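Got your viewer open? Let's take a walk through this one together, one selection at a time.

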Amino acid sequence: MFQPLLVTDRRGGINPRASRTLMRDQSLPNVALIGFMGTGKTLLGRMLAHRWGWRFVDTDALVEQKVGCSVAQIFERFGEEYFRQQETEVLRSLENLHRVVIATGGGVPTRTDNVISLRRHAVIVWLTAQPQVILQRVQPIHTRPKLASAAEPLAEIRRLMSERETAYACADIRLDTSTLSPEEAVERIEELVRGWKPRNLT
Ligand code: S3P
């Protein structure tokens with residue numbers, strides 16, 4: 001079962017290196033990053049995995065590999081429903097992995113089956129950011145099929161974020177990355193995961 005992983009020295013100070021070693025040695029749930037596009041799931045997920053010596057996977061990349069073309073091309077050629085089905089199959093295939101950080105596509109939590117799947121094996125971290133910050137981070141926008149055709153991308157970001165709010169709220173932990181550097185955000189995620197009180201994973 002998951003334990004908080006702060007290793008302290010004799011004076012009670014935190015020993016980060018020893019704490020990190022424990023991330024490798026103990027039987028922990030995986031970490032799944034969910035949230036809207038441009039909140040940092042892929043970048044921070046990769047950094048976190050590197051820091052802990054864990055494997056990193058990105059569901060968009062896995063879908064692209066499975067289908068053999070980019071997310072934008074999948075939307076264009078086969079439609080969103082087909083993409084969502086591939087995404088669900090990819091998530092299922094991750095259920096037996098251990099010590100993996102998973103960056104999910106922004107629409108993953110909109111399917112209940114996907115949330116049930118992630119909750120079986122992962123602590124779920126919801127990354128958020130201000131809509132204006134997201135708009136800057138998602139450029140070039142033509143690579144984002146959910147926003148590419150919007151007449152007013154900022155309004156569409158706001159609309160989709162609010163439509164998905166309840167779905168994202170399945171998370172165990174929430175973090176706003178708007179004003180954090182990637183290093184600060186990863187540090188914060190690590191702290192929050194360590195302090196997380198385990199729930200039943202099944
Ligand atoms: C989507 C987000 C994208 C990708 C696809 C659909 C969404 O992933 O899965 O374009 O519906 O929010 P990122 O959140 O990694 O950009």
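Start by selecting Glu-156, which you'll find in helix H9. Keep in mind as you look around that this is a predicted model. Is Glu-156 buried or exposed? It counts as buried, because its relative accessibility is 18% and the cut-off for buried is under 20%. Now show what surrounds it: leaving out residues up to four places away in sequence, Glu-156 touches Lys-146, Leu-147 and Ala-150.

Time to zoom out. Colour by secondary structure and you should get 10 helices and 5 strands. The protein has 202 residues, and 46% of them are buried. Turn on the surface, and you're looking at about 10,500 Å² of accessible area, with 49% of it belonging to carbon and sulfur atoms. As for how the chain meets itself, take the contacts with a separation of 6 or more: 70% of those join residues 24 or more positions apart.

Next stop, the inside. In soluble globular proteins, nonpolar side chains tend to be buried together. Here, the largest nonpolar core has 27 residues. Select Ile-34, Phe-36, Ile-102, Leu-118, Ile-134 and Leu-147, the members that touch the most others in that core. Which elements feed it at least two residues each? Strands S1 (30–35), S3 (100–103) and S4 (122–128) do, along with helices H6 (112–121), H7 (131–137) and H9 (153–168). H9, where we began, gives the largest share, 4 residues.

Stay there and click on Ile-102. Setting aside residues up to four places away in sequence, Ile-102 touches Val-31, Ala-32, Leu-33, Val-57, Thr-59, Leu-94, Leu-118 and His-121. Apart from this core lies another one, made of 20 residues, including Trp-52, Val-101, Leu-175 and Val-193.

Now for the empty spaces. The largest pocket holds about 670 Å³ of space. To find it, select Met-37, Gly-38, Lys-41, Asp-60 and Arg-144: among its 34 lining residues, these are the closest to the centre. Several helices supply at least two lining residues each, namely H2 (41–52), H3 (59–67), H4 (71–78), H5 (80–92), H8 (145–148) and H10 (182–195). With 4 residues, H2 makes the largest contribution to that lining. Colour the lining by class, and you'll have 13 nonpolar, 11 polar and 10 charged residues.

Then move to the second largest pocket, with about 200 Å³ of space. Which residues lie nearest its centre? Pick out Thr-128, Ala-129, Met-161, Glu-165 and Arg-174 from the 15 that line this pocket. S4, H9 and strand S5 (173–176) each bring at least two residues to the lining, and H9 turns up again with the largest share, 5 residues. The classes here divide into 7 nonpolar, 4 polar and 4 charged.

For the last stop, click on Arg-174, one of the residues nearest the centre of that second pocket. Arg-174 sits in strand S5. What does it contact, leaving aside neighbours within four places in sequence? The list is Trp-126, Thr-128, Glu-165 and Leu-192. Try a distance label between the C-alpha atoms of Arg-174 and Trp-126: the two residues are 48 apart along the chain, yet those atoms are separated by 4.6 Å.

Technical notes: Residues numbered from 1 in each chain as written. Predicted model: local features only at pLDDT ≥ 70, side-chain atom pairs only at ≥ 80, totals over all residues. Heavy atoms only, no water. Core = buried A, V, L, I, M, F, W, Y, C linked by side-chain atoms within 4.5 Å. Buried < 20%, exposed > 50% of the residue type's maximum accessible area, 1.4 Å probe, protein only. Contact = heavy atoms within 4.5 Å. 1 Å grid on protein atoms, 1.4 Å probe; cavity = no way out; pocket = protein on both sides within 12 Å on 5 of 7 lines; lining within 4 Å. Points joined across faces, edges and corners; volume = space filled by probe spheres on them. Nonpolar A, V, L, I, M, F, W, Y, C, P; charged D, E, K, R; others polar. Areas by Shrake-Rupley, 256 points an atom, 1.4 Å probe, with all protein chains shown as cover.
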